[in-house]
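I am opening a fresh notebook page to record what I looked up, one topic at a time. The chain itself goes in first.

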Amino acid sequence: GSTSGPMRKVRGSHRWKTPPPTLAEEPAWMRFSTLCPLRAGSVIIRDNRCWHGGTPNLSDRLRALPNIEYFAPGGQPSFGWLDRVTMPFENWQRLSPFAQHLA
């Protein structure tokens, strides 16, 4: 719900040719961008290049945020600001062979 810190996204940001501003430099129109509140068990499918982030969790419950990212074969996943390892190797080693293939 909206009190557990829904994702927010900045419309049109997937078309930017430069890195997004830092959180401290974000203008107000970005900070008050589109909220995506969902019911538990729901899914958001979005372009990974879209500038997005969580909002404060105002509930008294933990918020889980599992995440899977896919890119088209040979595609450019980012312009450099997303190019980082996101899963520790030791976690990847514990995955099933099929999950390792996907990851």
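My entries on this chain follow.

**Ground rules.** I note that this is a predicted model, in which local features need pLDDT of at least 70 and side-chain atom pairs count only at pLDDT 80 or more, while totals for chains, interfaces and linings use all residues. Residues are numbered from 1 along each chain as its sequence is written, and side-chain values use heavy atoms, with hydrogens and water left out.

**Overall layout.** I looked up the secondary structure and found three helices and three strands, in the order β-α-β-β-α-α from the N terminus. Here helices (H or I, at least four residues) and strands (E, at least two) are DSSP runs, numbered from the N terminus. I then looked up burial and wrote down that 17% of the 103 residues are buried, where buried means under 20% relative accessible area, exposed over 50%, and partly exposed in between, with a 1.4 Å probe and protein chains only.

**The salt bridge.** I searched for salt bridges (a side-chain nitrogen of Lys or Arg within 4 Å of a carboxyl oxygen of Asp or Glu) and found one. Its partners are Glu26 and Arg8, whose side chains meet at 2.9 Å, N to O. The pair links distant parts of the chain, since Arg8 sits in strand 1 (7–9) and Glu26, 18 residues apart from Arg8, in the loop between strand 1 and helix 1 (28–31). I also checked their accessibility: Glu26 is buried at 4%, and Arg8 is buried at 10%.

**Ser33.** I turned next to Ser33, which lies in the loop between helix 1 and strand 2 (34–36) and counts as buried because its relative accessible area is 16%. Its side chain reaches the backbone oxygen of Met30 at 2.7 Å, and a polar atom of that side chain lies 3.3 Å from the backbone oxygen of Lys9. Leaving aside residues up to four places away in sequence, I noted that Ser33 touches Arg8, Lys9 and Val10, a contact being heavy atoms within 4.5 Å.

**The aromatic pair.** How are the rings of Phe89 and Trp92 arranged? Their centres are 5.6 Å apart and their planes are at 20°, so I entered the pair as stacked; rings of Phe, Tyr and Trp (its six-membered ring) pair if their centres lie within 6.5 Å, and planes under 30 degrees apart count as stacked, over 60 as edge-to-face and the rest as tilted. Phe89 and Trp92 are three residues apart in helix 2 (residues 89–93), which means about one helical turn separates them. Phe89 is exposed at 52% relative accessibility, whereas Trp92 is partly exposed at 27%.

Methods
Polar contact = N/O pair within 3.5 Å; in protein donor to acceptor, adjacent residues only side chain to side chain.
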